[in-house]
Every structure is written in C-alpha cells, then in structure tokens.
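Student: I am new to this structure. Please show it to me, and then I will ask how its descriptions are justified.

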Amino acid sequence: VGHFTSPGGIIWQVSSSGTVRGLHKDGSMIRDRIQVNDKDQIQIGPFHLDETRTCSCIHWLRSDDPSKSWTWAKDESLDTCLRLGSLA
C-alpha cells in the first residue's frame, strides 16, 4: 500500500483493496489489480512478487520468464502524491 516508482519513470499507487494505478511520463494510465494466483503468489499481470528479497524495494518476476524482472521503489514525494491524486 502506498506510492512507488519503477524504472522508466512510471509511478504507481497501490490501495488497500488491491487496486493498482500507474501513470507513465507521457500521461497514459495503467489500471490493474493485485491478485493471489493458484500457487499462492501475489501477482500483477504476468509478474509475481519475489518474496525472497529483503531490501526495501519490491521485486516482481515475470512468471513465464524469471530472467525478466521489475523493481518498484517506495516514493513518498509530494510530486508523486499530487500527480497520482489527479487520477481520481
């Protein structure tokens, strides 16, 4: 739950209900939902949470190709909060 940034400049908002909203630098939006898959893994689209990592970032692995990953860093900046707030 909170605001995150991923490489490429996408900012994310995850709500307590599992709703995920993303905003690209160009203003295009992403909407998704966190789910639990049949292997009891937390998943967004084709990516599942890498629960073996203990750093402060969130690491996602592509389920069909674990060599592909995606990393989110916590972002509590005012700019991100304002930009994501404009999506409501």
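**Reading the fold**

Tutor: Along the sequence, the protein follows the pattern β-β-β-β-β-β-β-β-β-α. The model is predicted, so local features need pLDDT of at least 70 and side-chain atom pairs count only at pLDDT 80 or more, while totals for chains, interfaces and linings use all residues. Residues are numbered from 1 along each chain as its sequence is written, and side-chain values use heavy atoms, with hydrogens and water left out.

Student: What makes a stretch count as one of the 9 strands or as the 1 helix?

Tutor: Both are DSSP runs numbered from the N terminus: a helix is H or I over at least four residues, a strand is E over at least two. Helix α1 covers residues 78-85, and β5 covers 35-36.

Student: How are the 9 strands ordered in the sheet?

Tutor: The order is β4-β3-β2-β1-β9-β8-β7-β6-β5, in an open sheet with antiparallel pairing. β4 (29-33) and β5 stand at the edges with a single partner strand each, so one side of each has no neighbour in the sheet. Helix α1 packs on this sheet and touches β1 (2-6), β2 (10-14) and β3 (19-23). Contact here means heavy atoms within 4.5 Å. The direction of the helix makes about 70° with that of β2; axes are lines fitted to C-alpha atoms, for helices over the stretch in contact, and angles run from 0 to 180 degrees between N-to-C directions.

Student: Why are β1 and β2 called paired, and how many bridges join them?

Tutor: Two strands pair if DSSP finds at least two bridges between them. β1 and β2 run antiparallel and are joined by 5 bridges, so the definition is met. Phe4 stands opposite Trp12 of β2. The two strands form a hairpin with 3 residues between them, and Gly8 in the turn has a positive phi of about 95°.

Student: What stands on the other face of the pairing, between β2 and β3?

Tutor: 4 bridges join β2 to β3, again antiparallel. Trp12 stands opposite Gly22 in β3. This hairpin has 4 residues between the strands, and Gly18 takes a positive phi near 95°.

Student: Why is β2 described as largely enclosed?

Tutor: Because 4 of its 5 residues are buried. Buried means under 20% relative accessible area, exposed over 50%, and partly exposed in between (1.4 Å probe, protein chains only). Of the 88 residues in the protein, 33% are buried.

Student: How do you know that Arg53 and Asp50 form a salt bridge?

Tutor: A salt bridge needs a side-chain nitrogen of Lys or Arg within 4 Å of a carboxyl oxygen of Asp or Glu. The closest N and O atoms of Arg53 and Asp50 are 3.5 Å apart, so the pair qualifies. Asp50 is buried at 11%, whereas Arg53 is partly exposed at 45%.

Student: Which residues meet in a salt bridge at 2.7 Å?

Tutor: Arg62 and Asp64, N to O. Arg62 is partly exposed at 27%, and Asp64 is exposed at 58%. Asp65 and Lys68 also meet in a salt bridge, at 3.9 Å. A search of the whole structure finds 3 salt bridges.

Student: What makes the radius of gyration agree with a compact globule?

Tutor: The rule is 2.2 Å times the number of residues to the power 0.38, and the radius is taken over C-alpha atoms. For 88 residues a compact globule would have a value near 12 Å, and the protein has 13 Å, which agrees.
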